[in-house]
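Work through the following exercises with the structure open beside you, and try each task before reading its solution.

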Amino acid sequence: MIWNNWIPLLVVLSSLLPGLVIFTLSEKQWRVRTFLNIFGAVAKLGLVGWMLWGVYHEQHFETRLALLPDLDLVLRAGPLALFFVSLSTLLWLVTTVYAIGYLEHSPHRSRFFGFFSLCVTATVGVALAGNLITFLLFYELLTLSTYPLIVHRGTEEARKAGQSYLTYTILGGALLLFGTVWLYSLVGTLEFTPRGFLSQVDAQHHPTLIIIFVLLIGGLGVKAALIPFNGWLPKAMVAPAPVSALLHAVAVVKAGAFGIIRVVYDVFGIDFAASLGVTAPLAWLAAATIIYGSLRALFQDDLKRRLAYSTISQVSYIALGVAIAGPLASIGGVVHLVHQGVMKITLFFCAGNLAETLGVHKISEMNGVGRRMPWTMAAFTIGAFGMIGAPPVAGFISKWYIGLGALEVDQGWVLLVLAGSSLLNAAYFLPILHAAWFRKPPEKWPHEHDFGRHETSLALLIPPLITASLALLAGVLAMLPFSPLEWAKLISVREFYTP
Amino acid sequence: MMLADILTIILLLGGAFFFLAGTIGLLRFPDVYTRLHALTKADNVGLGLIVTGLAIQAQSWAAAGKLILIWLLVLLAGAGVSYLIANGALARGVAFWKR
Amino acid sequence: MGAQLIQVDWAVVLIMLPLSAAMLGFLLPGMARNIGLLAALLILFTVVGLGWQLTQTGVYSHVAGGWLAPLGIQLHADGFSLLMLATSAIVGVAVSIYSTGYFKAADDQRFWPTWLLLWAALNALFLAADVFNLYVTLELLGLSAVTLASLTGSKDSVSAAMRYLLSTLLGSLAFLLGIGLLYHQYGSVDIAILSERVNDSTVSWAALGLITAGLALKTALFPFHFWLPPAHASAPAPVSALLSALVVKASFYILLRLWLGLFDFQQDSTVANMLGILGATAVLWGSIQALRQIRLKMLVAYSTVAQIGYLFLAFPLAQTGGNRVWYAVAYLMLSHALAKAAMFLVAGNMMLFGGHDRIVNLDRVVQRLPVTVAAFGLAGVSIMGLPPSGGFIAKWLLLEAALAQGHWGIAGIMMLGGILAAAYVFKVLGYAFIPSPVPHQAVSVPARMQWMALLLATLAIMAGFVAQPLMQLIGIGALFDSTGSMP
Amino acid sequence: MSMLFFYALIGVGLFTLGLLALVVQPHLLQKILALNVMGSGVFLLLVALGGRSQPVVDVVPQAMVITGIVVAVSATAMALTLMLNLSRSSPGAQLPEDQSADS
Amino acid sequence: MEAVGLWQSAFDLMLGFSLFGLAWRMLFCADLFKSIVLFITFGLLMAIAWVRLEAPDVALAEATIGAGLTGALLMSAFAKLRTLDNSLKSGQPLLPRPRLHVINFWIALLFTVLLTGGLAYAVLSLPSHSPGLSDAVMSQLDSSGVTHPVTAVLLNFRGYDTLLEMAVLLLSIQSVWSMAGMSDAGEVHTSPVLNVLIQLLSPVLILVSAYLLWVGAHAPGGAFQAGSILGAAGVLLVLSGRPLFNLKKSWLIRLMLVAGPAAFIALATLTLINEGQLLKYPVANAANYILLLETLATVSIGTTLLALFVGSQTEAVQQDQSHQ
């Protein structure tokens with residue numbers, strides 16, 4: 001059992017240490033670098049697998065280090081934490097492979113992969129954080145380690161995007177810090193507790209708690225790209241494709257969404273939050289973001305920007321599912337954390353492939369790409385259908401549960417939002433698919449690279465195929481044990497609602 | 001009141017008078033050279049009178065000797081410095097006062 | 001062996017060692033560098049010795065000359081002294097090594113003896129328990145700091161050093177007048193004796209005013225900060241690091257000690273609140289000015305003005321917030337010293353590298369001086385107060401106290417200051433990534449200069465993980481605990 | 001006895017007079033003189049009030065003042081050197097902020 | 001006695017107001033040269049004030065260091081300033097007027113008046129009798145090794161302060177050298193009268209210095225006064241064109257500069273090892289230790305003050321030459 005106390009720390013270190021070593025490597029030592037990357041990712045996967053098994057059998061994994069005289073740095077692997085850790089670990093592995101292929105000839109790869117590893121470290125830390133201060137620590141580390149990735153290209157545009165990203169996230173971090181400290185000075189603890197730890201707080205402090213809730217959600221909403229805090233996300237698209245994948249699917253927006261789940265369920269407790277009356281406005285905000293993101297996506301010609309707005313919309317499903325405050329909706333929201341990740345990363349991989357192989361960046365240039373790159377576009381199609389919510393892809397499951405959950409607690413308006421958003425999703429994805437598969441390819445692609453036998457380099461092709469299959473499997477096999485859905489149900493039972 | 005005390009008072013007052021005269025000369029005379037003249041002459045005598053007046057009151061010969069020594073030093077320094085000042089003024093072409 | 005080592009007067013050695021080294025260096029200019037480096041390492045070792053001694057036996061005190069106070073002078077070392085001594089030792093060793101790359105051999109005889117005297121002044125100051133002795137150390141410190149600040153000899157640096165000299169002398173005189181009044185009222189200059197005798201009297205208030213004003217001037221609290229940015233920005237980089245990291249802290253250290261020991265007679269919080277307001281203004285003004293600068297060193301110097309403001313925010317909070325606030329201040333002093341020294345060393349590297357320190361023309365230094373830029377980034381994390389870093393711990397504690405007491409203004413100022421700090425740190429980092437329209441001739445920067453900056457910055461980050469043991473160390477002698485109302 | 005307080009008050013007067021001159025006078029030599037006058041004021045106060053001890057005056061302030069005088073001459077020497085260095089690079093021996101617009 | 005007391009009071013009042021008036025004229029007159037002359041006068045009057053306040057040691061220090069050497073430094077700096085700045089050529093008192101806005105000036109004045117009032121109020125609130133530390137000093141005087149209390153305080157009771165002060169002196173010369181760039185003494189124009197004067201005065205000054213050093217143990221005098229007289233002798237020699245030191249190379253000069261502080265440190269270390277406390281002299285040897293310290297300190301103080309003067313003087317000469 002002693003070992004179990006160190007495993008959460010090891011999970012964090014398994015990407016931190018390789019990351020730090022990678023910084024010191026020169027550009028030429030790509031073998032060592034690749035080995036470290038893959039080794040770290042695989043080791044982390046192994047550790048996470050071990051913990052999954054353990055948590056399923058109700059073992060405890062908790063690392064506790066003193067940070068301040070009365071505040072600890074806590075890493076604890078509960079079901080919810082593991083849910084997010086598994087997602088980011090798995091996708092890190094895939095993204096690393098993809099990034100190795102994507103950046104094959106570009107400069108400064110040591111720096112890139114170093115920060116990449118730090119980014120994953122931060123994400124895993126966010127997931128495993130056992131109290132709000134630990135969460136905050138890794139949350140800020142995430143901000144810091146993504147910044148160099150966004151400005152990685154070193155252009156003036158990249159610098160501006162980085163600046164904008166920071167403006168939002170630093171402000172968000174400040175709100176979060178403010179709320180956290182306030183909460184601590186009010187109740188004297190920050191430990192994440194299943195079903196929350198605030199329900200006992202004296203009624204006279206309830207208005208204060210509402211303000212704190214707003215501060216915390218505001219801080220997290222920046223990364224989760226809730227309106228009005230989403231201006232940074234489309235701009236950050238200047239970063240290389242693996243970074244976009246990371247931002248949208250693995251780390252940043254997910255950290256925000258995950259934080260919202262934590263705050264609602266493990267700090268306030270869903271029942272207490274609902275009784276404070278703060279969940280309903282959150283639900284409206286999430287719904288508004290869903291519609292807003294979809295509408296904006298409709299009018300983008302740049303593929304990555306359209307995907308970015310799609311992310312804004314899709315991530316808010318998580319917040320929506322959480323804020324509806326019904327058991328089924330919670331499951332829908334939480335499971336979307338994984339589903340959206342897998343689907344969106346597929347789409348970004350595919351967009352990256354198109355850009356890297358054919359130089360295609362705009363939707364208007366995508367005519368007939370399905371014939372030139374069938375595998376890539378097949379993956380893209382699966383992802384897109386998932387986004388729309390068409391069965392049997394994973395996205396359907398999430399929407400289904402959110403819808404059921406909304407009905408369960410008599411929030412019928414949510415169905416309208418779901419339907420509207422699905423229509424809009426269809427409206428901005430189906431034309432792409434139509435153009436890709438049924439229009440004639442042009443004479444010449446903007447910037448074509450020849451990768452020999454395959455439609456593109458294998459390192460670029462295999463990752464989207466894997467993630468697309470995962471998206472499909474998560475939908476088809478949703479009822480098997482250890483599927484995302486089943487695990488989300490486990491979380492719901494163990495952490496969210498009193499049985 | 002002893003004779004010595006009376007003598008001291010007279011000498012000190014005489015010294016003070018010379019100092020006063022020297023100071024008035026310093027303030028009222030028109031140029032560097034005349035001012036130097038007033039200052040050094042009057043002050044040397046004034047200090048001499050004061051030193052003598054004090055020496056009468058001295059407890060020991062050694063103390064009186066120290067007082068005399070001070071006077072001699074001041075004489076020496078005063079003479080040397082006033083020469084240097086006058087010489088410097090001359091070298092810089094400071095004009096003589098003419099009526 | 002251990003029993004004997006524990007008897008060693010480590011604290012006295014800490015004063016004598018740099019003094020002797022300064023003299024040797026003065027006597028043998030050609031060997032000044034080697035003497036200085038050796039002394040630096042020995043000082044570090046001695047501080048470790050003192051730290052060990054304090055953990056074993058508690059507070060250390062020494063009766064200089066064998067004459068007990070009030071007639072004689074006492075030396076006193078508690079946890080807070082130890083913290084400052086250790087900070088000086090760490091920054092001092094790093095800067096010493098850095099300076100071997102920065103200064104040409106010909107400049108050694110101008111730098112080393114003065115720097116060693118400054119170090120001696122710092123150590124003596126942190127160990128002093130006598131206000132007149134503090135005055136002497138303060139003068140030694142101020143004059144050596146001015147000398148170092150003028151080392152570049154450029155027009156800017158000379159006028160800055162002149163302004164610095166006038167300010168520091170004015171501050172010392174106000175301090176001296178204050179302690180003179182105290183002496184004539186209470187008949188002693190020993191802090192311990194004074195702290196028993198000082199009561200609420202006219203003279204106490206006059207002394208409070210004079211001493212606080214004098215030390216605030218030396219600490220460059222707004223609006224007395226006017227001398228700091230030009231002086232720190234135009235000095236040679238290693239000197240800037242010393243000035244910003246250690247010298248301004250020294251006068252604040254005195255202020256804090258006297259505040260806790262002597263000036264606790266005042267019950268209403270007017271003065272404390274006023275200091276707090278000035279501190280708040282300093283945070284905003286310094287940060288905004290930093291953001292507006294076009295030269296890196298000026299930016300870093302204005303950042304010091306802002307960070308000093310945070311130290312003064314503690315005064316109103318400590319009225320009811322008790323010891324935790326002072327621990328936060330001590331922690332902030334440590335982490336700011338490490339981070340700011342690192343930043344100035346970084347600025348020195350960039351200046352050496354490109355021949356200028358205009359921020360918009362940094363020209364991809366991130367690729368060409370990765371270690372240096374990493375140092376700046378890490379130091380920036382601590383300056384911004386982001387986790388995990390020493391600065392975060394300090395700001396967390398301060399913010400907690402502010403919110404617990406309902407000091408909304410202070411809490412707001414702290415948040416705003418952190419955001420502005422992020423803005424100016426990332427302004428630099430952003431330009432470090434992109435190419436400059438005017439590419440510059442790159443001069444290679446010695447590795448030790450880069451790694452020393454990174455070392456200090458890393459320590460500033462590491463300070464975020466050792467809060468608990470460090471605070472136990474600072475707590476030796478319970479300087480802060482005696483004043484607090486909270487456990 | 002009251003004469004001691006008179007001297008102490010003169011000391012206070014010298015201190016504040018020097019402060020005023022330090023702030024308003026632009027020339028560095030004047031500023032340096034002003035600091036010296038301020039110092040003399042503080043010293044005067046220190047020693048004068050030491051005379052309140054009877055029958056023997058308190059000599060500890062005197063010792064402090066001797067220390068102070070030595071510090072003052074050191075500081076003055078440094079300040080003068082700096083002033084000359086400054087006036088070598090820019091005429092007028094003034095700090096930039098005190099320089100009048102026409103010079 | 002009443003009459004004497006009255007005269008004395010009148011004298012004190014006159015002296016005090018003269019000091020204030022002189023300071024006022026010095027700081028607010030438009031002619032720098034006049035300011036400096038007034039400063040020297042001010043210093044001499046201060047010396048008289050020290051005597052009136054029963055502080056002959058301070059009077060000696062003030063006259064030699066405060067008025068004498070500081071005055072010499074100011075004069076020498078002024079001479080050099082004049083070569084650098086044409087507006088200061090003799091006879092043209094063209095000091096810039098305060099640039100402060102009139103309103104700001106009045107605010108500053110108002111602030112000064114308020115500060116003066118406040119400080120005066122605080123001073124007057126002090127008790128009219130206070131023993132200070134005189135009892136403690138007197139009761140321990142016997143075991144201090146000297147009979148003159150000021151020397152006992154400076155060299156024994158608060159010897160650690162003096163140690164640091166020696167460091168300040170060392171710093172000052174290190175500082176002036178590093179700021180001005182060390183230069184060798186240049187040629188000086190001299191005159192036969194000056195030479196004779198100096199030939200006569202120098203030995204006397206050295207003698208006086210030695211006397212002050214020795215007498216310090218039981219009467220006013222001591223290392224600082226002796227050192228400054230020694231320094232003054234050196235200044236005279238330098239002025240008369242004797243290139244006393246080749247400052248750049250001579251390690252002998254450096255040794256002399258360091259001797260005082262080094263003696264303090266050596267003794268501090270020795271006593272720390274032998275007695276367990278720094279600068280704690282065994283009573284039997286205290287007198288010898290103090291004499292040793294004072295002797296070496298006198299050498300260092302004299303050399304330092306001289307070097308400070310030379311450090312500024314030589315450059316002035318060079319500037320003069322380059323000007324011609």
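**Exercise 1. Describe the overall fold of chain C, beginning with how far apart in sequence its contacting residues lie.**

Among the contacts of chain C that link residues at least 6 apart in sequence, 81% join residues at least 24 apart. Keep in mind, as you read on, that this is a predicted model. The next step is to list the elements, and chain C has 20 helices and two strands. Turning to its extent, the C-alpha atoms of chain C fill a box of roughly 65 × 55 × 45 Å along the principal axes. A compact globule of 487 residues would have a radius of gyration near 23 Å, and because chain C has 21 Å, its value agrees with that expectation. Finally, buried residues account for 72% of the 487 residues in chain C.

**Exercise 2. Examine helix H19 of chain C and find what its buried residues pack against.**

Begin with the length: H19(C) covers residues 447–462, which is 16 residues, and its span of 22 Å from first to last C-alpha is close to the 22 Å expected at 1.5 Å a residue. Next, pick out the buried positions, among them Met449(C), Met452(C), Ala453(C) and Leu456(C). The last step is to look for partners, and the buried residues of H19(C) pack against H4 (79–102), H14, H16 (370–384) and H17 (390–404) of chain C.

**Exercise 3. Locate the residues that touch the most other members of the largest nonpolar core.**

This core holds 591 residues, and those touching the most other members include Leu345(C), Leu456(C) and Met83(D). Its largest share, 23 residues, comes from helix H14 of chain C, which runs over residues 323–354. Now follow one member: setting aside neighbours within four places in sequence, Leu345(C) is in contact with Met449(C), Met452(C), Ala453(C) and Leu456(C), as well as with others including Tyr98(C) and Pro238(C).

**Exercise 4. Describe the contacts that chain E makes with chain D and with chain B.**

Take chain D as the starting point: 78 residues of chain E are in contact with 70 residues of chain D. On this side of chain E, several helices each supply at least two residues, including H1 (2–27), H2 (32–52) and H11 (286–323), while H3(E) gives the most, with 14 residues. Sorted by class, the side of chain E that touches chain D has 51 nonpolar, 17 polar and ten charged residues. For chain B, the contact takes six residues from chain E and six residues from chain B, and the side belonging to chain E divides into five nonpolar, one polar and no charged residues.

Methods: Residues are numbered from 1 along each chain as its sequence is written. Chains are lettered from A and ligands numbered from 1 in the order in which they are written. This is a predicted model: local features need pLDDT of at least 70, side-chain atom pairs count only at pLDDT 80 or more; totals for chains, interfaces and linings use all residues. A nonpolar core is a set of buried Ala, Val, Leu, Ile, Met, Phe, Trp, Tyr and Cys residues joined through C-beta atoms within 7 Å. A residue is buried if 20 or more other C-beta atoms lie within 10 Å of its own, exposed if 12 or fewer, and partly exposed in between; C-beta atoms are placed from the backbone. Helices (H or I, at least four residues) and strands (E, at least two) are DSSP runs, numbered from the N terminus. Two residues are in contact if their C-beta atoms, placed from the backbone, lie within 7 Å. Ala, Val, Leu, Ile, Met, Phe, Trp, Tyr, Cys and Pro count as nonpolar, Asp, Glu, Lys and Arg as charged, and the others, Gly among them, as polar. The expected span of a helix is 1.5 Å times one less than its number of residues. The radius of gyration is taken over C-alpha atoms; the globule rule is 2.2 Å times the number of residues to the power 0.38.
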